[in-house]
Amino acid sequence: MKEVYFDNAATTAMRGEVVDKMLEVMNINYGNPSSSHSFGRSSKVLIEKARKTIAAYFNVTASEIIFTSGGTEADNLVLKSTVKDLGVQHIITSKIEHHAVLHTVQQLEVDYNIKVSYVKLNDKGDIDFTYLESLLQSNEMTLVSLMHVNNEIGNILDLKRAANLCKDNNALLHTDAVQSVGHYHLDLNEIPVDFLAASAHKFHGPKGVGFVFIRKNTGLKPMIFGGEQERGMRAGTESVHNILGMDLALEMAYENLEHEMQFVVDLKKYFIAKIQSEIPGISFNGQSPSLEKSTYTIVNVCLPVSSKKAAMLLFQLDLKGIACSKGSACQSGSAQNSHVLTEILNDEDLQKPSIRFSFSIYNTKEEIDYVIEVLKEFIE
């Protein structure tokens, strides 16, 4: 049986060089970075060097990068602390955000009685900027939280436009950039976002580590208390090997971005052309077939299959060694439809199976051929 991994939006395979780097750090640099002796100091030096390197990719200062356990913690830190410590009374978001944002906002609404507004979306899942501007016409302290790249349909937000709109209306902007960091260049000196979340395992780095960009002088306070690690913003002994693994993964992602992006773009083009020619009646969700409006790593397809047959599709694909998903990995095992697709599809299309295929540099056109043959067999 072949094994095909087309679920790179859920997580990516680590680069071999990253694994080697992490093993080296674990074997040699095992000192606690908070210790004052030489073992601790050597670990601290590595962490601060990584912080400077990562900050440079986004054209920000090292003090604005705080290491976290991943994107979910970064999102929680920003959302909770802006309400608790900065006096945010109004959060504007969308109903197709990652649950790390949506569930946190819903809990804040209960705990702090804040006002929550959701921007309107078109049938492709793009936000209505005119409506967003109307929501910003209030006197409350407002935080806007909109993801840069949607993790299910791949839609790309015009982040600079959103950031400038928020700035013009004295609102703060947080963006979950988990699906875009390592895949797109983001100059945060030109794009005036206030907070940005990232996670290493989405760009061939380790799981359990990420970072949050917190623009200086925002006044944000920590969510986790204890020691003075991470400039007092995130207590707890730093995971040195994970941070160094993330640093190298991000370095390699940006050093190789142009030719690796083109490689994956070619895979996406090939997949779209092949599945359209081989499976009549196929349709695409959101902007995922677009190479301009959607990320090059994701295609979300709606298959012309009855609802009765649809229930077994992912199971059958798994039996054939094919890894893909119907939505976010965080919803795995849920019988419910994707909350993203529920917002943008009509009732008829919601009854059909929608599958997210997401690609990386480790995929091939031969794998695409195999997957489409399996899909054809299932549909016939």
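**Exercise 1.** Is Met14 buried, partly exposed or exposed?

*Solution.* The model is predicted. Start with the location: Met14 sits in the loop between strand S1 (4-5) and helix H1 (16-28). Next, take its relative accessible area, which is 34%. Buried would require under 20%, and exposed over 50%. Met14 is therefore partly exposed. Finally, look at the surroundings: Met14 belongs to a nonpolar surface patch with Val19, Leu23 and Met26, and together they have about 310 Å² of accessible area.

**Exercise 2.** Find which polar partners the side chain of Lys202 has, and whether a salt bridge is among them.

*Solution.* Lys202 lies in the loop between strand S7 (195-199) and strand S8 (210-214). Lys202 is buried. The nearest side chain of opposite charge is that of Asp7, 8.1 Å away. A salt bridge needs a distance within 4 Å, and Lys202 has none. Now turn to backbone oxygens. That of Ala10 is reached by the Lys202 side chain at 2.7 Å, and that of Ala9 lies 2.8 Å from a polar atom of the side chain. Beyond its neighbours within four places in sequence, Lys202 also touches other residues, including Thr11, Val178 and His183.

**Exercise 3.** Describe the backbone angle phi and the exposure of Asn113 and of Asn170.

*Solution.* Take Asn113, in the loop between helix H4 (99-112) and strand S4 (115-118). Its phi is near 55°, a positive value in a residue other than glycine. Its relative accessibility is 69%, so Asn113 counts as exposed. Then take Asn170, in the loop between helix H6 (159-168) and strand S6 (172-176). Phi of Asn170 is positive, near 55°. With a relative accessible area of 67%, Asn170 is exposed.

Conventions. Residues numbered from 1 in each chain as written. Predicted model: local features only at pLDDT ≥ 70, side-chain atom pairs only at ≥ 80, totals over all residues. Heavy atoms only, no water. Helix = DSSP H or I, 4+ residues; strand = E, 2+ residues; numbered from the N terminus. Buried < 20%, exposed > 50% of the residue type's maximum accessible area, 1.4 Å probe, protein only. Lys, Arg positive; Asp, Glu negative; His and termini not counted. Polar contact = N/O pair within 3.5 Å; in protein donor to acceptor, adjacent residues only side chain to side chain. Contact = heavy atoms within 4.5 Å. Patch = residues over 30% accessible without salt bridge, like charges linked within 9 Å, V, L, I, M, F, W, Y side chains within 5 Å. Areas by Shrake-Rupley, 256 points an atom, 1.4 Å probe, with all protein chains shown as cover.
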